[in-house]
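Reader: Could you take me through one part of this model up close, namely its nonpolar interior and what sits around it? Please spell out the cut-offs as you go.

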Amino acid sequence: MTMVHDVLVLPTPEQFPAFPYDPPYSIQIDLMRHIYSSIERKHVTLVESPTGTGKTLSLLCSSLSWLTDERERARKGQISESQQASGSSEPAWVAAQAIQMRQRELEAQDREYEERLAKARKAEARLRALARARVTKRQRITASAVQEAEDNDAAFLPDDDVKDEKDNISPAVRALMAKVDKGGAKWPEDREPTCTKIYYASRTHSQLTQVLPELRKLKFRHVSYTSDASLQISRPESCADVPSNHKKRSIEPDDIEHDMDVDRRQWRTVSLGSRKQLCINEDIRSKSGDLDERCRELLEGKGEKRCQYLPPPEDSRMLDFRDQILGSPKDIEDLAAAGQNAQTCPYYGSRRAIPQAELITLPYNLLLQRTAREALGIDLTNQVVIIDEAHNLIPTLLSLSSVRVTSHVLSTSLKQVAVYYQKFRTRLSAIHSLHLKRLIGFLDAMRKVMEDRKVAISKSSSHTTEGRTEVLTIPKFMQKLGRKVDGINLLEIEAYLKQSKIARKISGYADVAASNEAEGSKHKKQSPARTTPPLHTVEAFMLGIAGAREDGRVIFSIAGDHTQSEEVEVKYQLLNPSTTFREVVDAARSVVLAGGTMSPMSDVICQLFPFVPSERMTTFSCGHIIPQSHVQTLCLTKGPAGSILEFKHAQQSDKQLLNELGQLILNFCNVVPGGMVVFFPSYSALSFAQRSWSAAQLLDKIGTKKKVLLEPQESGAVEPTLREYAEAVRDSSLDRSGKRTGAVLFAVVGAKLSEGLNFSDDLARAVIVIGLPFANKNSPELQERMRYANEVEARLGNKKPSGAKDAASELYENMCMNAVNQSIGRAIRHRMDWASLILIDRRYTSSSIQNKLPSWIKHDLVVCETFGQTMKHLGGFYREKKQHALG
């Protein structure tokens with residue numbers, strides 16, 4: 001274990017009685033103490049805990065233990081305030097009585113709230129029983145047919161509530177007007193106070209589904225405030241204590257009241273997702289186009305035009321459904337099913353439950369994007385943020401901040417805005433007219449620049465990426481737009497678009513105009529598919545360049561070949577991931593980044609936390625729970641014929657080297673039992689090897705030893721390939737020597753099979769990484785990131801030792817090793833698992849490369865100078881495992 005900036009508050013193991021296994025592993029205790037202390041001390045921390053070490057369970061147990069203690073401290077603080085308010089002049093018995101009264105009040109509040117949730121759980125159980133008892137299929141409640149839209153142009157006029165900096169209305173009067181004219185799309189605010197909460201984020205919903213089963217294992221105690229058994233908190237289905245080695249039991253609604261654990265703490269948990277995951281309105285789901293836009297229209301509608309699953313503000317169904325959500329933990333699928341049973345929207349129901357929730361699970365994008373947080377009503381102030389699978393955080397932040405606008409999207413936006421302005425210019429207020437004219441000027445300037453770029457490319461004889469790409473800083477881009485944008489404040493325009501929501505008005509009018517035109521030409525009405533308004537994409541681009549300083553770039557490129565149909569594309573690229581992440585770090589009490597392989601940690605700190613003081617920054621890295629004898633890490637530098645193994649880009653198509661690699665893999669198939677996963681640096685490298693081995697009949701020879709499968713490039717083919725691979729490993733027959741033949745899966749580093757999948761036990765008795773998967777240095781985006789890294793280093797004045805790599809080279813190498821570490825992590829998934837990890841490339845002998853490997857791997861890495869040494873180590877390792885299994 002390694003700790004940096006050792007914390008002072010270190011809870012004892014006894015302070016984690018909720019941990020379900022007794023005793024915990026020592027590394028689990030160390031991890032929980034570190035997390036607890038980091039939250040208590042308001043630290044930002046990086047945690048590396050390999051898969052199989054109980055990382056998720058430890059994160060939940062330590063953070064919820066802190067939350068329990070924090071709540072108890074807050075309770076004592078409230079009682080202490082009552083004691084101070086009673087005054088020292090009062091008799092002791094009066095002060096004591098005042099304290100007792102305050103304590104009873106707090107207990108009564110807790111009791112009332114828990115009784116309400118218990119009632120909601122019973123109501124949910126009844127709804128589920130009714131749904132189960134129906135003999136026929138549920139008759140879906142259909143919305144009334146949408147009436148023919150009236151030809152009323154006024155429906156597309158923007159609302160007159162946009163702030164004009166030059167008007168004479170005082171802020172006080174404006175606030176009063178806003179209260180009077182409050183929209184009907186919001187439910188009345190609940191008067192219950194919010195509470196301290198933990199936001200638990202991961203990359204995908206499938207990864208988040210693993211959180212709730214771990215939560216159910218925890219044994220937090222619940223204090224009952226009543227002797228009435230009917231009011232005690234029972235354990236619902238989703239909180240059943242499921243042993244780790246037992247499949248989840250399906251509990252029927254009638255069993256809920258009988259399968260109780262009155263001492264089990266009920267955590268108020270909410271799972272947040274998108275409309276795509278949670279919408280239960282089949283009418284709008286079945287239509288093509290943008291689901292978000294159709295949902296917003298039905299939310300703002302009235303009467304029959306309002307979504308039937310959205311109760312009006314005066315209806316209490318939404319609050320009742322909110323209590324059902326908080327009553328028992330639900331993942332996304334459970335939440336959608338509960339919404340179906342209650343006939344209430346789970347998307348808005350989950351949003352309504354956020355203020356009273358204690359644990360909130362959500363995917364990265366909903367946490368990291370400010371617009372998403374604002375839409376959901378998420379306030380991170382003084383809250384705890386845990387980001388699991390954080391090795392993907394940097395590329396995710398950069399991706400979320402990047403916006404692409406094609407010439408087609410831009411021209412469509414310009415046409416729609418211009419037509420709209422011409423139609424309504426005599427009916428627009430001065431403020432709307434001003435902002436729309438500024439917007440038209442900006443869009444027209446962008447159109448001119450993109451057309452000029454296309455002409456310049458067409459005249460150029462260069463077919464290289466560099467010749468078809470132009471990178472500009474934000475000031476140079478604005479200068480290129482010319483005089484049309486002089487005096488235009490992009491932040492003001494973006495704020496106007498956001499406040500007025502006029503993009504939807506413009507898009508709606510454009511759709512109606514297109515329908516009317518189609519009706520006139522074809523004598524029948526055609527409803528165009530509702531898609532995301534093009535202006536929304538342009539709006540996101542404007543927001544990017546408006547908020548960017550030196551850490552943003554605008555990249556012009558040409559999509560396709562030199563043809564008439566090729567499009568110009570302009571992309572806003574953020575170079576500094578810490579820019580957007582800082583909003584999260586500054587607001588939150590504590591931020592925890594956790595992953596199975598976070599190495600190299602120095603790179604994560606450098607890119608994400610340059611603004612965090614060293615005294616607030618901590619790291620933690622623990623070894624694996626498996627015995628050292630269960631993993632063998634080898635670095636192979638020479639092939640069977642003695643050739644140097646070095647798979648740089650130029651050598652990846654070398655037939656002689658590839659044939660030697662194929663012979664090497666064939667030899668491995670003779671000794672490795674079960675499944676073997678082989679990672680190539682790229683799809684092209686895998687394709688070169690496949691063609692070379694097929695021509696030399698090496699692929700057929702490998703196929704006689706193990707069934708051969710290759711990672712597909714189509715997402716839809718991944719699941720069938722994995723199923724076929726697993727079946728081949730499981731059903732492999734025994735040959736004469738008694739060894740299992742199994743299967744070999746050829747995959748690609750950084751692709752679909754290199755992360756998020758578990759190749760445990762026989763599915764991966766060996767993981768082989770061929771070469772170093774360095775990214776394409778010719779990529780304009782990567783070149784700008786590397787150039788920016790050196791600029792930042794020079795600006796900071798950091799002095800490096802002689803011969804040390806510059807910041808750009810470190811960034812380039814760290815990106816490569818992060819991908820390697822993720823691929824290696826596909827094996828060794830639990831304490832009793834075992835496998836060989838084989839790195840094939842001479843460059844793995846470099847100390848700088850080895851230092852970027854996870855600590856539990858690099859310390860026992862063996863460099864094999866000859867192929868014979870490699871086979872000797874492998875043979876000895878597998879013979880030992882076979883003898884152990886037989887003995």
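Author: Here is a walk through the core, then its surroundings. The model is predicted, so to speak up front: local features need pLDDT of at least 70, side-chain atom pairs count only at pLDDT 80 or more, and totals for chains, interfaces and linings use all residues. Residues are numbered from 1 along each chain as its sequence is written, and side-chain values use heavy atoms, with hydrogens and water left out.

Let's start with the core itself. A nonpolar core here is a set of buried Ala, Val, Leu, Ile, Met, Phe, Trp, Tyr and Cys residues joined through side-chain atoms within 4.5 Å. Buried means under 20% relative accessible area, exposed over 50%, and partly exposed in between, with a 1.4 Å probe and protein chains only. The largest such core has 65 residues, and I387, F581, L593 and F609 touch the most other members. Helix α11 (residues 332–342) gives the most to this core, with 5 residues; helices (H or I, at least four residues) and strands (E, at least two) are DSSP runs, numbered from the N terminus. A second, separate core of 45 residues has M446, M450, I488 and V570 among its members.

Now zoom in on L593. Contact means heavy atoms within 4.5 Å. Setting aside neighbours within four places in sequence, L593 is in contact with T45, L46 and V47, with I387, A390 and L393, and also with F581, M598, V604, L608 and F609. Across the chain, residues 24 or more positions apart account for 81% of the contacts with a separation of 6 or more.

Back to α11 for a moment, because the loop between α11 and α12 (346–353) holds Q343. Q343 has a positive phi of about 55°, although it is not a glycine. Most residues other than glycine have a negative phi. At 18% relative accessibility, Q343 counts as buried. K501, in the loop between α19 (490–500) and α20 (502–522), also has a positive phi, near 55°, but at 44% relative accessibility K501 counts as partly exposed.

Finally, one helix for the wider picture: α29 (residues 807–824) has 18 residues and reaches 25 Å from its first C-alpha to its last, close to the 26 Å expected at 1.5 Å a residue, where the expected span is 1.5 Å times one less than the number of residues. Of those 18 residues, 14 are buried, so α29 is largely enclosed by the rest of the structure. Over the whole chain of 887 residues, 49% count as buried.
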